[in-house]
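Open the model in your viewer and keep the selection panel at hand. The stops below say what to select and what is there.

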Amino acid sequence: MFVQQLINGITVGGIYALIALGYTMVYGILKIVNFAHGDVFMIGGFMGLILAQTTNLPIWIAYPLAMLITALIGVLIERICYRPIRLHGADALAILISALGVSIFLENFAQLVWGTETHAYVQKIQRTAYNIAGITLSNIQIGVIVLCIILMIVLYLVVNKTKMGMAMRATSQSITSAQLMGINTEKVIALTFGVGSALACVAGILVGTYYDAVYPLIGYSYGLKAFAAAILGGIGSVPGAMLGGFLLGIVETLGAGYISTGYRDAFAFGILILVLLFRPSGLLGKKHVDKV
Amino acid sequence: MKKRISRRFIVSGLTAVMAVGLLTGCGSSGKSDTIEIGLATPLTGASAQDGQAIENGVELAVKQANDAGGIDGKQIEVVVEDDKGDASEAATVANMLVQNDNIVGVVGHFNSSCTLAGATIYNDAGIVQISPGSSAEAVSEAGDYTFRTITTDAVQGRYLAEWCVNDLGYHNIAVLYENDDYGLGLADVIQRETEALGATVVAREAYEVNQTDFSTVLTKVAASDADVMIIGGLYNETALIAKQMGDNGLEGMQIMGVDAIYSDALIELGGDAVNGIKLTAYFSDASDSEVTQSFIKAYTDEYGEAPGTYAAYAYDAANIILDAVANVGTDRAAIRDYIADLKDFDGVTGITSFDENGDVIKEPLRMEIINGAFETVDM
Amino acid sequence: MMQKIKKIKKPLAVIGILFLLLFPVIITSSYYLHVMILAGIYVVLSLSLNLITGYTGQLCLGHAAFFGIGAYAGALLMVNVHMNFFFALICSFIISGIFGLLLGIPALRLRGDYLAIVTLGFGEIVHLVFVNWTELTNGPMGIRSIPGPSLFGIELDGNQEFYYLILIITALVLFLLNRLVNSGFGMAMQTIKADEIAAESIGIYPVKYKLIAFILSSGLAGLAGCFYASYISYISPTTFVYNTSVTILAMVVLGGLGSLTGSVIGGVVLTLLPEVLRSISDYRMIFFGALMIIMMIFKPEGFWGVSKRVKNIYKIKAGGAQNERDYESR
């Protein structure tokens, strides 16, 4: 049972990690928590479902298209709801409240448009379960884990090896200095929101495909856990979000598996609090230095 | 200076808007020519899907009464309020409904916690409340004005346990339940009743409403010796559990449930995976009752989908209030007395009579999903 | 203009107070009274959270947990031990305060968003304890038949009595907090918020002030919880969730961080607004979300926010507390 639960934990952890990347990238650059990100994940899931179901496009066209649309929505949210407040020079809390507003808006918009019910997902991939030495593993589960890891490696390479990534890192250190170096920081910020939202869309499609469900309030618990994962790993750090996601998934699965399913979420948040008390900036986060 | 004015402007503007909104939004008190039925149900939040079905059921009952000429020549209106499935919202909504003098009775609430939070207010105000979905045992003692068209968990739990242990011969039982008042109450009853019949509960696992990942609980069930899985929860999660069983080494295990999973959504969402699920229910489209069949036809014509359990309970609840008004008029206390004495009301969820606690006594049906449809069965 | 506003200010305040005092007499509808009582509870909650978030600058996402601890403590004491409401009120203040202390000691080592997530985690865990510790809390079924207050054998459990009770509580809390934030203690807290290191360098020890703010804040939330339990007479875990924490935070920020008037306005507006919007039923929450965004775009400092508080600090430095009344009219 242990290995089986471990695999369950890794699968769900990979999904947390994908969503956590969106939180961590935005935080890294703007130092704000984008509370609407969980709902962007939900919108992404619906986009994938609608495009694959109503247009009958093959999934290798439909899903990238859904990613693109979700990315655009993410950019639009930043543009309309965060940028004016940011340029106003207001407290970060004002953006947080705006993000909460976006979250309430998106959840209720989705309920109005798609109804409150849970929708079955399009299953374009034949599901096969393998039984190896008493451990059950399906091809979709393997696909989820592999895809999560590939995407995270690609993102890591983009951030660390490309010119765009360099611009991102520069912007995250200081927006003003980055502007002085000739970086179009607004473009970098838009790109960050775009990439984060596209990854959330992938997570939405993966949840849809693996668990076969999507509904308007799905973003709430995934968003909360992913946010916790981002902090656990050290917010602002891309490898940290991956580590945090997997760790959180494994801890909650094993905690639920061996101690109590009722307290499932308590294990995730308990470990989070413990880690933060001993490493206040998360597992891979940079030490915060106070400057006078 | 400019800033000050704009702030003042915003504050006073908002105050004005609110004052107007509050006064117009819920002004109407004083008798008029319409009879109103209150409906308090979750239209947003986690239970919104059931709340919507309940609204549909009530609206249909009222529409049919109006089409038949109303009551004493008066038209009937439904005052719908959203309680969000949250106890404190429920109290707000209840206060709002009781202060409207035209309201003769309230259908609501869905969640037991909301029904209990509202019950104090309805009972103080002396207005009948009929819940279409709260089966928790605590609702029995909620007050003289509180009734329900759904049976308590104990009735169905006992029936299901007998079917499962005595007739089907399962002795190692896994109970999966949603971690709220409904699921926990049902899980307790099922554990008590199955163990009284000599079976053992080998796994008892909670999940959250709206959870999507059931791999952890299913892995735990697979590691126990369970030969049947009883679900204390609703159709969405049941469908997901059925679909995820294969991935977690539980291929082919029997699932059993109660009326809460009777919904077309279970079959739509679950597809082939839900075939073979056995459940108890009061409302069924396989029923040969004439009332039930005409309800199903009218509902399908109106909303383009077949009614589920909660739509049916709500339809009955609304009809009981309408029946009372037609017989004793709009006096709230008379309505209560009429309903308390109501015997053998022929509704779509069976023949309804209330006991001294306002609980309903009915005999459940045995059903199974066969080839994507609910069928009544003997075993 | 300045003079004019100054002149009408006092009569306005008198009218306002009279209105609040006579409200239950003028308007007998139980619904309006209920909404006003809820608004009172939320005003106490947002005032208390403002102490942490507005004055000491610590983002807290678990305020509903203290609200809930107070509600459960009060309810259990009143139901099981038959404690009088007013003693239960004090006990729930103390019990919530103790939990505030327990969380505060380790958590205040953290800053900003890390503290936020710890309080969020704390809130989730407390909620799960309410749900799963069935022996104590009766689990998801909640606690029923919580008695109303009584004084010298007189039952005070009508809506009007509750209304006046919460009015008194709110006024007391407002008065005390007003004294507190305008004292040296309050100045110290705001200095910490502005610059922790600078504060330390002039001899203000941040941990002490933050901790006291934390204890007081959680205690007041607990008090509100006890009142809530007695008023609704039924509590269940569904009320004390993350969403409630977020609503309280929204009240503080929308009203204006670090402004008591702002918290009062925020609490009242965010309680009344969803009620007002009931008339547009399906679009209610969409509209509510959109309003929050628009509000933040056009008035990011809240109804009664930052710009005012900054002025306030200078005023007090320059001329002492009596000038404080003047800045309102400027």
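**Stop 1: a strand of chain B**

Select residues 172-178 of chain B, which form strand β6. Of its 7 residues, 6 are buried, so the strand is largely enclosed by the rest of the structure. Keep in mind that this is a predicted model.

**Stop 2: the partners of β6(B)**

Which way does β7(B) run relative to β6(B), parallel or antiparallel? Add β7(B) to the selection: the two strands run parallel and are joined by 7 bridges. To find one place where they face each other, pick B:Glu178, which stands opposite B:Tyr207 in β7(B).

Now add residues 181-196 of chain B, helix α6. Together, β6(B), this helix and β7(B) make a right-handed β-α-β unit.

Next, select strand β8, residues 228-232 of chain B. β8(B) pairs with β6(B) in the parallel sense, over 5 bridges. Label B:Leu176 and look across to B:Ile231, its bridge partner in β8(B).

**Stop 3: where chain B touches chain A**

Show both chains. Here 30 residues of chain B are in contact with 26 residues of chain A. On the chain B side, at least two residues each come from α2 (48-67), β7 (200-207), α7 (215-223), α8 (235-244) and α9 (264-270). Which element gives the largest share of this side? Select α7(B): it supplies 6 residues.

Finally, colour the side of chain B that touches chain A by residue class: 15 residues are polar, 9 nonpolar and 6 charged.

Technical notes. Residues are numbered from 1 along each chain as its sequence is written. Chains are lettered from A and ligands numbered from 1 in the order in which they are written. This is a predicted model: local features need pLDDT of at least 70, side-chain atom pairs count only at pLDDT 80 or more; totals for chains, interfaces and linings use all residues. Two residues are in contact if their C-beta atoms, placed from the backbone, lie within 7 Å. Helices (H or I, at least four residues) and strands (E, at least two) are DSSP runs, numbered from the N terminus. Ala, Val, Leu, Ile, Met, Phe, Trp, Tyr, Cys and Pro count as nonpolar, Asp, Glu, Lys and Arg as charged, and the others, Gly among them, as polar. A residue is buried if 20 or more other C-beta atoms lie within 10 Å of its own, exposed if 12 or fewer, and partly exposed in between; C-beta atoms are placed from the backbone. Two strands pair if DSSP finds at least two bridges between them. A crossover is right-handed if, with the strands pointing away from the viewer, the path from the first strand over the helix to the second runs clockwise.
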